[in-house]
Amino acid sequence: MKRPVILLTGGGTAGHVSVNEALIPVLDDRGYEIHYIGSYEGIEKELIGDGHPEVVYHPIQSGKFRRYFSLKNFTDPFKVGAGIIQAMSIIKKASPELIFSKGGFVSVPVVLAAKMLKVPVVIHESDVTPGLANKLALPFSKHIFTVFEQTLNYVTKGKATCSGPIIRPELFNGVKKDGLRIAGMSGEKPVLIIMGGSQGSAILNEATREDLNTIMKTFDVIHLCGKGNLDEELESISGYTQFEYVTEGLPHLLAAADYAVSRAGSNAIFELLALRKPMLLIPLTAAKSRGDQILNASHFKSLGFAEVINEEDLLQHSLSIQLNQLIDNKDLLIKKMHETTLPKTPEQMVELIMNYK
């Protein structure tokens with residue numbers, strides 16, 4: 001008997017992949033044949049295509065929808081058109097009961113193709129305001145789930161539910177001593193983990209390294225700096241360990257961390273919240289993004305979950321000064337985080353999704 005098929009899509013950043021990664025083991029346990037449509041070279045190819053042999057990975061063409069002038073704005077629509085044709089062929093062959101889209105530009109051709117083939121689509125939005133890809137896909141979807149309650153104000157009433165965040169269960173399985181071992185640290189000092197997102201952050205990397213001597217008077221530092229951003233001159237410094245990007249060992253590194261500095265992507269900050277890590281958030285500026293991280297960080301600050309410093313202020317004040325405030329407010333931040341409910345489990349999210357087959 002042929003197994004039922006579900007198709008997942010989403011890509012461009014780790015945030016557009018991590019929720020799908022959380023759902024894959026549940027869907028596999030339930031007997032689903034899992035297909036994934038992503039790009040040829042995006043991070044989803046590495047995380048899903050190379051990292052999950054139980055998933056059938058299909059790459060397609062995808063264009064980027066830019067809010068600024070670029071000559072590629074004239075050529076990328078043709079890539080989207082090609083992606084729609086490719087997605088239609090994949091969907092016809094796979095015959096999924098449902099398509100779950102996490103967003104990112106690669107998801108748009110998939111959602112449009114699904115609409116043409118009358119396959120139901122469910123969307124998931126992690127940020128306070130929907131991203132452009134999800135805005136474009138929303139009219140062609142059956143339902144959208146949101147992380148933030150406020151997001152319901154920006155989407156079609158009657159086809160949206162606030163389901164809250166979904167956290168990969170393996171993040172709770174981290175072991176502190178294993179994290180210290182991976183990072184080559186003794187545990188004698190408090191450990192600070194600095195995360196610039198899956199693509200890294202040049203400004204955060206620079207601020208960390210410029211102030212590293214002062215920071216390390218208080219902390220040992222685990223620095224996730226992004227692909228191609230390692231600094232060879234800092235490799236031999238005891239108590240400072242840098243990684244481009246970490247997948248399997250991340251739960252252990254997070255367990256070892258006493259404090260966190262992070263960009264304000266939704267998935268990252270909810271993971272830190274679930275793990276009750278006092279966090280200093282440095283959101284991407286509106287000039288570099290659509291302002292979603294600023295809204296995410298502001299919301300966490302208002303709830304007492306995080307300290308926040310804008311990127312512009314970071315350039316004028318040393319990172320170590322901001323960390324002093326994080327230390328001072330540690331107990332209050334943790335208290336507030338313990339007062340919130342834990343996020344949805346992947347099993348609960350799958351139950352919600354399957355209501356829209």
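**Buried polar residues, the parallel sheet and salt bridges**

Lys102 counts as buried, because its relative accessibility is 3%, a value that falls under the 20% limit for that class. The model is a predicted one, and the description below starts from this lysine before turning to the sheet, to other buried polar residues and to the charged pairs.

Lys102 is placed in the loop between strand E4 and helix H4, the latter spanning residues 107–116. Residues up to four places away in sequence aside, the contacts of Lys102 are with Thr9, Gly10, Gly15, His16, Val19, Asn20, His124, Glu125, Ser126 and Asn134. With one of these residues, His124, the side chain of Lys102 makes a polar contact of 3.4 Å. Val175, by contrast, lies 73 residues from Lys102 along the chain, and the C-alpha atoms of the two are separated by 29 Å. Helix H4, at one end of the loop that holds Lys102, is mostly covered, with 7 of its 10 residues buried; these are Ser107, Val108, Pro109, Val110, Val111, Ala113 and Ala114. Just after H4, the backbone of Lys118 adopts a positive phi of about 60°.

Strand E4 belongs to an open sheet of 7 strands, which are arranged in the order E3-E2-E1-E4-E5-E6-E7 and pair in the parallel sense. Because strand E3 (55–59) and strand E7 (160–162) each have a single partner strand, they stand at the edges, and one side of each is left without a neighbour in the sheet. On average, and with direction ignored, neighbouring strands of this sheet are turned by 20° against each other. Over 5 bridges, E3 pairs in the parallel sense with strand E2, which comprises residues 33–38; within this pairing, Val56 of E3 is the bridge partner of His35.

Two helices are described here in relation to the sheet. Helix H1, formed by residues 18–29, lies across strand E1 (5–9), E2, E3, strand E4 (98–101) and strand E5 (121–125), and runs at about 170° to E1. Helix H15, formed by residues 346–353, packs on the sheet through contacts with E4, E5 and strand E6 (143–146), its direction making about 155° with that of E6.

A further buried residue with a charged side chain is Glu44, which is located in helix H2 (residues 43–49). Glu44 has no salt bridge although it is buried, and Lys45, the nearest side chain of opposite charge, is 10 Å away. A polar atom of the Glu44 side chain does, however, lie 3.0 Å from the backbone nitrogen of Gly12. Beyond four places in sequence, Glu44 touches Gly10, Gly11, Gly12, Val17, Tyr36, Gly38, Ser39, Gly49, Tyr57 and Val106.

Asn296, a residue of helix H11 (292–302), is likewise classed as buried, because its relative accessibility is 0%. Its contacts, leaving aside neighbours within four places in sequence, are with Asp127, Val128, Phe148, Ala264, Gly265, Ser266 and Ile269. Among these partners, Gly265 is 31 residues from Asn296 in sequence, and the C-alpha atoms of the two are 7.3 Å apart.

In total, 9 salt bridges are counted, of which three are described here. Lys357 and Glu97 are joined by a salt bridge with an N to O distance of 3.6 Å. This pair connects distant parts of the chain, 260 residues apart, since Lys357 belongs to the segment after H15, whereas Glu97 lies in the loop between helix H3 (72–94) and E4. Both side chains belong to partly exposed residues, with relative accessible areas of 47% for Lys357 and 31% for Glu97.

A second salt bridge is formed by Asp178 and Arg181, whose closest N and O atoms are 3.9 Å apart. Both residues lie in helix H6 (residues 176–183), where they are 3 residues apart, or about one turn of the helix. Asp178 is partly exposed, at 22% relative accessibility, whereas Arg181, with a relative accessible area of 57%, is exposed. In the third case, the side chains of Lys301 and Glu307 meet at an N to O distance of 3.1 Å. Lys301 is partly exposed, at 39% relative accessible area, while Glu307 is buried, at 7%.

Definitions and conventions. Residues are numbered from 1 along each chain as its sequence is written. This is a predicted model: local features need pLDDT of at least 70, side-chain atom pairs count only at pLDDT 80 or more; totals for chains, interfaces and linings use all residues. Side-chain values use heavy atoms; hydrogens and water are left out. Two strands pair if DSSP finds at least two bridges between them. Helices (H or I, at least four residues) and strands (E, at least two) are DSSP runs, numbered from the N terminus. Axes are lines fitted to C-alpha atoms, for helices over the stretch in contact, and angles run from 0 to 180 degrees between N-to-C directions. Contact means heavy atoms within 4.5 Å. Buried means under 20% relative accessible area, exposed over 50%, partly exposed in between (1.4 Å probe, protein chains only). A polar contact is a pair of N or O atoms within 3.5 Å; within protein, one must be able to donate a hydrogen and the other to accept it, and residues adjacent in sequence count only if both atoms are side-chain atoms. Lys and Arg count as positive and Asp and Glu as negative; His and the chain ends are not counted. A salt bridge is a side-chain nitrogen of Lys or Arg within 4 Å of a carboxyl oxygen of Asp or Glu.
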